[in-house]
Amino acid sequence: MISPSPILKPSFQYQFLIIGYGNTLLSGAAVGHQVAKEVAAWSLPSVISLAVQQLTPELAIVIAETDYVIFVNACAQSYAQAIKITPLAVCNQRPNAIFNNTDGGDPLSLLKITQERYGLHPQAWSIHIPTECLHFENQLSATTHQGCDRALRTIAQFFTIYRQPFLP
């Protein structure tokens, strides 16, 4: 009989993880990358910020090392005029249709993978930034640029609200 593998525990704990994702070849879809890179430039000691093309199961170990994770991506819906912040929760019930994606391609599936592999589930949110154009160019539209700025301000507010006091 094969014994089940033990739950692995990550070795280092970050307080915040920002994951900006999307296709960098399309102007508006690259906004998640831009936000992640700007947050990384802040050089905050308890924050790790990643810009990735897509969400993959390999990110689960980094997610398990954090208390809070924020996923940032573009929203190409024509009616979206402001950023949308959505809390993400992984329930302890059997996987349903939303979790049947085992490749980690969406935030909820990736959180579920993290919970199953490491027994950990950080508090998580998704920020969707509106964009009306997805063209092969390097420039963000005015709407997307404003959304990027708003997302950065929102992330800074998260850092203020959810930070833990430093212990001597």
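Start the tour at H145, which is partly exposed, because its relative accessibility of 40% is between the limits of 20% for buried and 50% for exposed. The model on screen is predicted. H145 sits in helix α4, which spans residues 142–162. Now add I129 to the selection: H145 and I129 are 16 residues apart in sequence, and their C-alpha atoms are 9.1 Å apart in space.

**The whole chain**

Zoom out and show the chain as a cartoon. The chain has 4 helices and 5 strands. Followed along the sequence, these elements give the pattern β-α-β-α-β-β-α-β-α. Of the 168 residues in the chain, 45% are buried. If a surface is switched on, the accessible area is about 9,700 Å², and carbon and sulfur atoms account for 56% of that area. Among contacts between residues at least 6 apart in sequence, 76% join residues at least 24 apart.

**Colour by confidence**

Next, colour the chain by pLDDT. The average over the chain is 80, and 74% of the residues score at least 70. Residues 1–11 have a pLDDT below 50, and this stretch has 11 contacts in the model beyond near neighbours in sequence. Select residues 93–103 as well: pLDDT stays under 50 there, and the model has 21 contacts for this stretch beyond four places in sequence. Where pLDDT is low, predicted coordinates should not be read in detail.

**The sheet**

Select the strands. What is their order in the sheet? The 5 strands form an open sheet in the order β2-β1-β3-β5-β4, with mixed pairing. β2 and β4 (residues 84–88) are at the edges; each has a single partner strand, so one side of each has no neighbour in the sheet. Neighbouring strands of the sheet are turned by 20 degrees against each other on average, with direction ignored.

Strands of a sheet pair through backbone hydrogen bonds, in either a parallel or an antiparallel sense. Both senses can be followed from β5. On one pairing, β3 and β5 run parallel and are joined by 8 bridges. To see individual bridges, select Y68 with its partner Q123 in β5, then V72 with its partner I127 in β5. On the other pairing, β4 and β5 are antiparallel and share 5 bridges. Here, select K84, whose bridge partner in β5 is H128.

Is β5 largely enclosed or left open? Of its 8 residues, 6 are buried, so β5 is largely enclosed by the rest of the structure.

**T66 in strand β3**

Now select T66, which belongs to strand β3. T66 is buried, because its relative accessible area of 5% is under the 20% limit. Show side chains here: the side chain of T66 reaches the backbone oxygen of I63 at 2.8 Å. Leaving aside residues up to four places away in sequence, T66 touches Q13, Y14, Q15, F16, L17 and P122.

**Helix α1**

Move to helix α1, residues 31–41, and show its buried residues: V31, G32, H33, V35, A36 and V39. What do the buried residues of α1 pack against? They pack against β1 (14–21), β2 (47–52), β3 (66–75), β5 (123–130) and α4. In an α-helix there are 3.6 residues a turn, so residues three or four places apart point the same way.

**S43, after the helix**

Step on to S43, which lies in the loop between α1 and β2. Its phi is near 50 degrees, a positive value in a residue other than glycine. Most residues other than glycine have a negative phi. Is S43 buried or exposed? S43 is exposed, because its relative accessible area of 58% is over the 50% limit.

**Back to α4**

To finish, select α4 again and bring the sheet back into view with β3 and β5, which run parallel over 8 bridges. Helix α4 packs on the sheet and touches β1, β2, β3, β4 and β5. The direction of α4 makes about 160 degrees with that of β5. H145, where the tour began, is in this helix.

Notes. Residues numbered from 1 in each chain as written. Heavy atoms only, no water. Helix = DSSP H or I, 4+ residues; strand = E, 2+ residues; numbered from the N terminus. Buried < 20%, exposed > 50% of the residue type's maximum accessible area, 1.4 Å probe, protein only. Contact = heavy atoms within 4.5 Å. Polar contact = N/O pair within 3.5 Å; in protein donor to acceptor, adjacent residues only side chain to side chain. pLDDT = per-residue confidence, 0-100. Pairing = 2+ DSSP bridges. Axes fitted to C-alpha atoms, helices over the stretch in contact; angles between N-to-C directions. Areas by Shrake-Rupley, 256 points an atom, 1.4 Å probe, with all protein chains shown as cover.
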